[in-house]
Amino acid sequence: MKSSDVIKHVKGESIFVDDMPVPQGTLYASVFDSKIAHGKITKLDLSEALKVPGVVRIITYKDIPGENQIGNIIPDEHLLAVDTVEFIGEPIAIVIAETEMIAKKAKSKIKIEYEELTPITDPRDAYEKGSLIIPPRIFSMGDVENSFTGCEYIIEDRVEISGQEHLYLETQGAVAVPVEGSGIKIYSSTQGPTAVQSTAAKVLNLKMHQVEVDVLRLGGAFGGKEDQATPWAVMAALGAKLTNKPVKLILHRHDDLRMTGKRHPYSADYKIGLSKDYKILAYEVTFYQNAGAAADLSPAVLERTLFHTTNSYFIPNVKATAISCKTNLPPNTAFRGFGGPQGMFVIESAIHKAALSIGIEPYIIQKKNLLVEGSKFYYGQIAKRVNASKCWNEAVTRYSFDSIKNSVEEFNSKNILKKKGISFMPVCFGISFTNTMMNQASALVHIYTDGSVSVSTAAVEMGQGVNEKMINIASKVFSIDKVKVKVESTNTTRVANTSPTAASSAADLNGNALLFACNSLLARLKKHVAELLKLDDEKNIELVDGKILYNENETELDWNKLIRSANQHRISLTAQAFYATPDIHFDKKKEQGHPFAYHVYGTAITEVTVDCLRGTYEIDSVKVVHDYGKTLNHAIDLGQVEGGIVQGIGWMTVEELVQDSKGRLNSNSLSTYKVPDIYSAPKKLETYFLEDSENPYGPFKSKAVGEPPLMYGIGAFFAISNAVKAFNPYVDLKYSSPFTHEKTLMQLYQGRKTEKERSKITSSEIG
Ligand code: LUZ
Ligand code: MOS
C-alpha cells in the first residue's frame, strides 16, 4: 500500500510550511550572516537598513530576552553572533519587514566591518592546532599492537571522505505566531519538535508550556532537520515575540546550501593485518571528523562512526580513535547513516587495498570475515539473530554471482575502452539512538463516537511513510479499514518530551507506543463486549474486519455499534502509552555495552561500466538482499531501500563539496554541485526481502529501514575502482570519495610513466 501522502503530493495538495495560509499582519524575516569564515566584528551599522520603508525591526544578540544559545549536546553555539564569527553563513542579525523583498533590500544596507582571522578548514590542521570539539574517544578490544606481529599481511593507508548536501526539497523554514499569555506557536519543518520547543523557550525566556510546536510534514530532511531546523524556527519565534506579530522565515535554496551544515567529511588513517588465510586479525584506525564551527550533533555522529568501524565483520583486535575537529565551516550535522557510512567506507577501503596487494578478489576477504551468531562487536555487544551470511549467500545464489562474474570477465577481455567492475557491499547497521536515553516515545489515540480514529505520536512524516506505518498498526489492532484512521500533525501539546524522528527508529519507537495504546483500548472494548453480550470469556472475542466475533461467530455488534455503546456506557475512548526500548545500555567510561536493540543486515552486488576514454561511468545494476524483518509495509520499505541506494551512490560518485581555503563553499548551487539524476541511478535495481527474518523489538516483528540501505551505495565506489584497475594495472588507487568522473579519468591514466605505456592505450589498443 502506498503512503497516504502520495496522492496528495501528486495532486499538489500537501501542505508544507511555505504553503500555509498566514494570519493577517504576518511579517517576514531575512537573516544577515557572516561573509567571512573567521574574524572579529569591529563595526555593525544598522542605521541605513532601518530607514528602508517597511522595515519593522532588526534583531541582534542584544535583543534576546533569554539565553543566546542553541547548542544541544554542548552549549557552544550562539543563535546570533556576538563579537566574533566562526563560519561563512553564521547568523548575525534578523531583519523583520512587511515583505520579504523589503527585508532583503534592507539587509543589503547593513554595514559591517571585520578584523579577519585565519580560518581552519581542514580537520587534520585543526587537530594539529588543538582545535577540538570534545576530547578524542577510543574504542578497543583485544590487543592490537601485539596482534600485528602475528599477521602475514599488513596494509596501511589514508582515506578521504567527502561530505554531502542534504538537498531536502523543502528548504529550512518556520512560521511563528504569538498566542495569548505571552506564548508562541511555531509551525516548523523540523525532525525534532521538542528540540525546537525547548530551545525557543530558552532563547525567549519562556516556559516550555508557553511554546507549542506543530509539524504537519516535511518535504524531506535526511538528518538535515534533526538539529538544524531549530535556529530558523527560534529566529521566527524571536521575531514574533519582539514584534508581537506572526513572523515567517523561509530559507532560499542558495542560502540554505551556503548556511547549513552537511554530512561530515572525514579523513582517516588505518592499519589492517590479515593472517595467511585472509582472516582479519587486527585493525587500527584514526578518524578525523570535520565538525565545523560548533558541536551540533558531531559528538553523536562520531560515536556512531565508532560503532560502525568494523561494519559487518568480526575482528578480534581493534583500536579506533575518533577525533572531532573544530573548523571554520558551518557546523556539520546528522545525515542518513549518521557517521556510520564514513566508518564503513574506511574498513571497506582497507579490505579492498589489502586484497589488491595480496592479489585476490576483495570479496574473498569480505566473506571470510562476516559476523556469525554470537560474534562480539568490539564495543561489547554480542551479535544475535545475525543475518550477515544469510544475506550474502542469498545474494550470491539469487543473482547468480558466478555468471555475473563470468560475463564481466568476458566483457573486459573483449573490450579495450570499456571496462566493467563488480563489488560486494555487506551492511550491518545498529538500530537505536546511540544515546540510550533518547530511545523513548509515546502515543495518544482517540476513538471518536463515529468509529473514526485519531493517532498522535512523536513521529514526523518526512516522505518516509511513517504515517502510513502508524495507520497500518492502528488499523491492524482494531481490524478496521485504514480510511477510519487519521494520523495527526506531530505536536508538542499532544505528545511531549519527544526524541527527534531519526536514527531509523521512528516507526519502531512510536509504533510500539502506538501498539500499546491501541492494545489497551482493545482490552477495554473487549471487556465491554463481554459485559454487553454477557459472555464469560473475553479471550474468545475478536475484532475482524469491522465485525465483532465470539468463538469465531458473528455477534450483533460491529465496530461502529461497539464504539457508540462504549461511549454510552461512559468508557474512555482515549488511550496514551509510552515505550522505552528494553535491554539497551552503554558505559561511556569503559566504552563497552549493548547500545543497539538489534542490527539490520544486507548485501548488495554492484556492477558498473567505465568508459575508459572519457572517464565517465554508468551503474549497470545494484542487486540487493535486505533484511526487513517482517515488513510492515512492502512498498514503503522498498522505496526506502531504493532511495537510500541512489542517495548513497550520489555521495560516493558525483556529489562533490568544494570549499576553498577561506572556508567559502564553491559548490554552492545546483549547477556546481551535482546531485544524482536518472542517469546516475542504477539501470537495474533489484531488491529481495530476506525470508525468515523477524525481530522481537519491532512492531509486528518488523525492522527499521531508513538508514541502512544508503550504505549499499558504497559498493559503487569499489565497483568503479575494480573497473579502473581492469583498464590500468599500473594505478595506485586513491581511496578518496567521491569517485567523480574527473577522478576516474585521472586514475585511468595514473601510473603509466612512460610515453610508451600511455600510447599503448591511446593509440595501438584503440587501433
Ligand atoms: N541521531 C541521534 C541519530 O541523535 N542519535 C543517533 O544515534 C542517530 N543515529 C542515526 C541517525 N540519527
Ligand atoms: Mo537522522 S541522520 O536524522 O536519522
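This report describes the domains, the nonpolar cores and the ligand surroundings of a predicted model.

## Domains

The domain assignment divides the protein chain into four parts, some of them built from two sequence segments. Domain 1 comprises 5-118 + 166-259, and domain 2 comprises 120-164 + 265-369. Domain 3 is assigned to 385-434 + 597-767, and domain 4 covers 440-580. Between the C-alpha centres of domain 2 and domain 4 the distance is 45 Å.

## Nonpolar cores

In soluble globular proteins, nonpolar side chains tend to be buried together. The largest nonpolar core of this model holds 112 residues. Those that touch the most other members are Tyr-270, Ile-272, Tyr-283, Val-346, Ile-365, Tyr-601 and Ile-714. Domain 2 and domain 3 each contribute at least three residues to this core.

A second core, separate from the largest one, consists of 50 residues. Among them are Met-438, Val-453, Leu-525 and Ile-548.

## Surroundings of ligand 1

Ligand 1 is surrounded by Glu-226, Arg-304, Phe-338, Phe-433, Thr-434, Met-438, Ala-502, Ala-503 and Glu-707. This shell contains 5 nonpolar, 1 polar and 3 charged residues. Met-438 belongs to the shell and is also a member of the second core.

Oxygen atoms of ligand 1 take part in two of the contacts described here: one lies 2.8 Å from a polar side-chain atom of Glu-226, and one lies 2.9 Å from a backbone N or O atom of Thr-434. A polar backbone atom of Ala-503 is 3.3 Å from a nitrogen atom of the ligand. On its own, ligand 1 has 290 Å² of accessible area, of which the protein covers 96%.

How values were computed: Residues numbered from 1 in each chain as written. Chains lettered and ligands numbered in written order. Predicted model: local features only at pLDDT ≥ 70, side-chain atom pairs only at ≥ 80, totals over all residues. Heavy atoms only, no water. Near = heavy atom within 4 Å. Polar contact = N/O pair within 3.5 Å; in protein donor to acceptor, adjacent residues only side chain to side chain. Areas by Shrake-Rupley, 256 points an atom, 1.4 Å probe, with all protein chains shown as cover. Nonpolar A, V, L, I, M, F, W, Y, C, P; charged D, E, K, R; others polar. Domains from an automatic or database assignment. Core = buried A, V, L, I, M, F, W, Y, C linked by side-chain atoms within 4.5 Å. Buried < 20%, exposed > 50% of the residue type's maximum accessible area, 1.4 Å probe, protein only.
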